[in-house]
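Me: I'd like to go through this model with you, one question at a time. Ready to start?

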Amino acid sequence: MKLLLENAHIEGIRYYEIYRKHGGYRAAEKALKMAPDEIVEEVKKSGLRGRGGAGFPAGMKWSFLAKPEGVPRHLVCNADESEPGTFKDRYLMEFLPHLLIEGLLISSFALGSNLTFIYIRGEYAWIVDVLEQAIAEAKTNGWLGKNIQGTGFDCEIHVQRGAGAYICGEETALLESLEGKRGNPRIKPPFPAVQGLWLRPTVVNNVETLAAVVPIMNIGGEAYSKIGVGRSTGTKLISACGNINKPGVYEIEMNLSVEEFIYSDEYCSGIPKGKKLKACIPGGSSVPIVPANLLFKTAKGETRYMNYESLSDGGFATGTMMGSGGFIVLDEDQCVVRHTMTLARFYNHESCGQCSPCREGTGWMYKILKNIEYGKGKMSDIDLLWDIQGKIEGNTICPLGDAAAWPVAAAIRHFRDEFEWHVTHPEEAQTRNYGLAHYAEPLSTVTV
Amino acid sequence: MKFSEEKLKKVNEIIARYPDGKQKSALIPILHIAQEENNGWLDVTTMDHVAIMLNILPIEVYEVATFYSMFNLKPVGKHVFEVCRTGPCMLNGSDDIIQYIKDKLGINEGETTSDGLFTLKPAECLGACGYAPMMQLGKHYREHLTKEKVDLIIDECRRNAAKNN
Amino acid sequence: MSEQTPKFKVTIDNITIEVPAGTTILNAAREIGGDVTPPAMCYYSKLEGSGGKCRTCLVEVSKGSEKDPRPMPKLVASCRTTVMDGMEVKNMTSPKVVEARKGVVEMQLLNHPLDCPVCDQAGECHLQDLSYEHGSSTTRTEFERTTFSQEDIGEYIQLHKTRCILCYRCVFAANQLTGKREHGVLMRGDHAEISTFIGKALENEFIGNVIDVCPVGALTDKTFRFKNRVWFTKPVDAHRNCPTCSGKTRLWMRGEEVFRVTARKDKWGEVEEWICNDCRFHKKQASDWVIEGPSKIDRHSVISQNHYQGAVEAQPELVNEIIGKNPKLLFDIHEVSDVNREEIDLSKINGPAHSDNFLANQKAKHERKLKVGRNK
């Protein structure tokens with residue numbers, strides 16, 4: 001079932017007339033006749049979880065919004081999509097800008113935001129034009145501006161461009177950036193729901209989360225909650241990349257098995273040149289990498305599905321996380337050490353530098369990984385890496401520290417022999433990759 | 001440093017988005033415009049000018065301009081190749097593409113060709129992982145890069161430069 | 001605090017205290033004092049907005065409050081977390097905290113040049129104290145340390161970017177004292193640095209206070225540069241009739257010579273009253289001042305032992321309060337040292353003593369420690 005991308009392939013759906021013709025703004029019509037709190041209730045009922053990565057229930061986040069008398073409130077859409085492996089929001093904004101605008105309008109109405117922002121990563125420069133065009137069309141047709149559809153509700157939406165900083169995907173860093181400052185995450189509490197943009201109560205939600213409000217309004221929260229499985233309700237966009245035949249953005253119901261997702265022709269269509277699967281990072285670069293033998297089946301031998309609970313089954317020892325849905329596949333010829341090194345470099349590059357464990361630790365990990373990758377590593381470096389990631393995790397101001405620590409920890413946890421081989425075979429490691437080793441063999445060979 | 005009429009209008013539009021007293025919020029959007037108007041980089045004069053426009057301290061502009069990777073604090077070539085090299089692009093051969101560009105243009109990361117046409121700027125994930133390897137060129141992405149495609153892009157840039165001279 | 005402010009009970013390392021609602025864990029711990037108080041490198045009670053960044057004051061909240069007793073999932077920055085009624089906090093009694101803090105110290109020293117022998121801050125440096133008290137004695141990094149470009153910021157203040165730990169205190173101080181800030185934190189991540197970007201001279205009449213708030217040797221007094229070591233000078237409290245500031249200062253003297261003028265600091269190393277540049281940089285004659293008498297330096301420090309008076313000593317009863325962890329100042333040397341063992345008579349060892357002589361007694365010592373722990 002497709003709720004978000006159903007009409008994505010219709011020619012011209014990016015324009016108002018066509019979007020409207022295919023049922024666009026019907027959800028908004030319905031919502032504007034409801035009381036704001038009723039909309040919040042519907043979203044709560046839907047079980048929708050934040051699609052940016054943390055998976056926090058969206059309706060609950062909305063209900064935390066403080067509403068002091070006389071203080072304006074704001075909704076901010078987080079379109080700072082920057083997690084390696086994740087490019088779903090870009091797809092949604094590029095092809096279905098009105099779906100996002102409609103979701104934003106409904107959400108702004110529900111939360112009482114008369115001034116709403118889309119904070120988009122600076123590199124998505126052309127999408128700013130797409131969105132601004134859609135906003136102008138919506139305004140012309142009475143869906144934005146003053147007294148929307150005669151309800152008396154006013155709402156303006158502006159697109160604000162970032163300028164190259166992964167950290168601005170963290171909601172308080174985003175707000176700092178939106179205020180024209182460095183993207184330094186704030187110390188919490190206070191949370192944005194109490195003191196957000198310009199210290200006013202603010203809700204920050206991911207693009208996909210806000211777009212999902214449209215189908216929730218259309219079919220009702222109850223019906224939405226019945227799609228998917230357990231607490232993983234509704235549909236989820238997965239951006240698949242790495243070594244697969246058909247990379248791209250897929251909308252899935254969260255009862256799809258991981259194996260089917262990788263091998264079915266409807267989705268990734270398997271691995272190029274018939275190569276074997278080595279490992280996968282299913283939720284964006286910060287979630288733990290899992291070897292093939294823990295990907296399709298959990299440690300208990302149960303089928304692993306593409307949802308929050310099943311992907312995290314086994315905890316970090318044998319599981320991983322749903323994250324943002326950035327699905328990265330590594331084939332048998334890929335080097336886990338090199339891949340981990342590029343991720344460590346990424347987090348080092350993106351650390352804001354406020355707190356010492358992240359500022360210093362990310363660079364330290366990158367330098368050690370670089371040594372190992374280029375044949376200058378020592379056996380003790382592997383233990384040192386393990387220790388450093390442990391010193392970063394949980395001790396930083398914002399989750400970037402965890403995001404930097406987890407990939408390194410998981411790579412060592414599952415692929416330690418590959419790290420050791422780099423140390424013991426420094427020259428050979430420059431000319432060939434370690435290969436598949438036992439990672440695709442039956443589970444019993446894995447020591448946890 | 002001066003903004004064109006058209007850009008000045010855009011700047012005022014942007015400032016008007018924010019509530020009274022919150023005009024500092026316009027800083028990043030305006031620095032983007034300033035960089036466009038100043039051959040792709042921000043010098044101190046330009047940043048000081050932006051500080052006056054927004055009625056903020058110059059250091060507040062420097063703090064922000066040095067934080068974000070899209071702002072260049074040194075002159076850059078006419079065409080800046082920002083080739084992604086993070087995980088998913090690496091899996092699809094971005095290392096080879098970067099090496100190819102380096103060899104072809106005779107520059108290293110962070111350098112500009114002597115004719116001032118090209119700068120190679122290392123980039124981390126640009127959110128095009130499914131279309132790897134890729135680079136950002138101006139406002140747009142160039143995706144599914146191959147050596148042949150890189151050749152075409154370089155030729156295209158050279159032709160454009162010749163046309164505009 | 002108004003009289004209506006409710007009082008909250010908070011227990012830190014098994015010591016319970018009542019504080020007004022809204023007090024942070026760190027400030028509650030400061031009321032108890034001694035080793036119970038977490039170290040703080042970026043928090044500064046006189047600078048609004050400071051804190052939360054350095055992570056040295058992380059503590060474990062083992063009980064959230066009487067109402068919601070769940071422990072907090074992560075260690076929290078005690079300087080920015082307010083107490084709740086019935087909260088229980090572990091500082092030095094938490095192995096997690098001790099370990100995390102050791103990590104934080106290691107990170108702060110990772111790219112630090114360790115140039116204490118030529119650093120004017122040595123002897124009153126909070127990073128020295130921190131690493132001495134909470135760090136480990138060896139370094140595990142083998143990489144070259146980050147370097148930065150030199151920047152001249154005028155005739156008063158010497159800037160050493162390599163020593164900076166990015167506490168942001170000087171940024172807050174410039175914001176709140178001068179009104180027109182001219183320096184800030186530029187760049188990002190491990191390239192972040194204190195800078196004016198344009199090599200500007202800092203000349204605001206209160207800017208000298210950034211020297212006093214700097215916990216390390218990143219911002220030092222240029223008029224005192226290489227003139228003397230701090231521990232050779234004697235601090236005296238003095239005042240003068242200053243048209244700009246309170247004129248209440250501390251002179252660092254040797255004989256009749258005034259080597260340096262600073263603000264007076266409390267036992268947490270925080271300035272009591274801000275002073276102006278004129279007092280700090282230009283009044284270097286004893287005759288400029290009315291000398292009140294020797295300063296009482298309350299702060300514990302590597303060098304306090306020498307001639308500072310009234311160094312904080314943990315109260316004896318703490319020994320019983322803090323399970324298994326004796327505050328350092330009260331350690332029995334025989335409990336913590338491998339040499340000078342009671343049972344080893346050096347005179348009876350043939351030739352020079354080797355580590356073997358001491359290691360043989362490790363086991364016995366370990367068992368004795370366990371016994372001591374159980375008795376507590």
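Me: How many residues of chain C are in contact with chain B?

Reply: Keep in mind that this is a predicted model. Chain B puts 7 residues into the contact with chain C. On the chain C side, the touching residues divide into 5 nonpolar, 3 polar and 4 charged. The number of residues from chain C is 12.

Me: And chain B against chain A: how many residues does each chain give to the contact?

Reply: Sorted by class, the side of chain B that touches chain A has 18 nonpolar, 9 polar and 7 charged residues. The contact as a whole takes 34 residues from chain B and 47 residues from chain A.

Me: Which element gives the most to the side of chain B that touches chain A?

Reply: Start with the elements that give two or more residues to that side: helix H2 (27-37), helix H4 (58-65) and helix H5 (87-91) of chain B. The top contribution there is 5 residues, and it comes from H2(B).

Me: How is chain B split into domains, and what distance separates their centres?

Reply: The domain assignment gives domain 1 as 5-65 and domain 2 as 79-164 in chain B. Taking the centres over C-alpha atoms, domain 1 and domain 2 of chain B are separated by 29 Å.

Me: Let's look at helix packing between chains A and C. Why does H16(A) count as roughly perpendicular to H2(C)?

Reply: Helix H16 (residues 356-373) of chain A and helix H2 (residues 95-110) of chain C have axes 9 Å apart. They pack at an angle of about 65°. Angles of 65 to 115 degrees count as roughly perpendicular. That angle is why the label for H16(A) and H2(C) is roughly perpendicular.

Me: Is the crossing of H16(A) and H2(C) left-handed or right-handed, and which residues meet there?

Reply: The crossing of these two helices, H16(A) and H2(C), is left-handed. By class, the residues in this contact divide into 5 nonpolar, 4 polar and 1 charged. From H16(A) come A:Ser356, A:Pro357, A:Glu360, A:Gly361 and A:Trp364, and they meet C:Gly103, C:Val104, C:Met107, C:Gln108 and C:Leu110 in H2(C).

Me: Last one, on chain C itself: what percentage of its residues are buried?

Reply: Chain C has 10 helices and 13 strands. Among its contacts with a separation of 6 or more, 62% are between residues 24 or more positions apart. A residue counts as buried if 20 or more other C-beta atoms lie within 10 Å of its own. Of the 376 residues in chain C, the buried share is 40%.

Methods:
Residues numbered from 1 in each chain as written. Chains lettered and ligands numbered in written order. Predicted model: local features only at pLDDT ≥ 70, side-chain atom pairs only at ≥ 80, totals over all residues. Domains from an automatic or database assignment. Contact = placed C-beta atoms within 7 Å. Nonpolar A, V, L, I, M, F, W, Y, C, P; charged D, E, K, R; others polar. Axes fitted to C-alpha atoms, helices over the stretch in contact; angles between N-to-C directions. Helix = DSSP H or I, 4+ residues; strand = E, 2+ residues; numbered from the N terminus. Parallel < 35°, antiparallel > 145°, perpendicular 65-115°, else oblique. Left-handed = near helix turned anticlockwise from the far one by under 90°. Buried ≥ 20, exposed ≤ 12 C-beta atoms within 10 Å, placed from the backbone.
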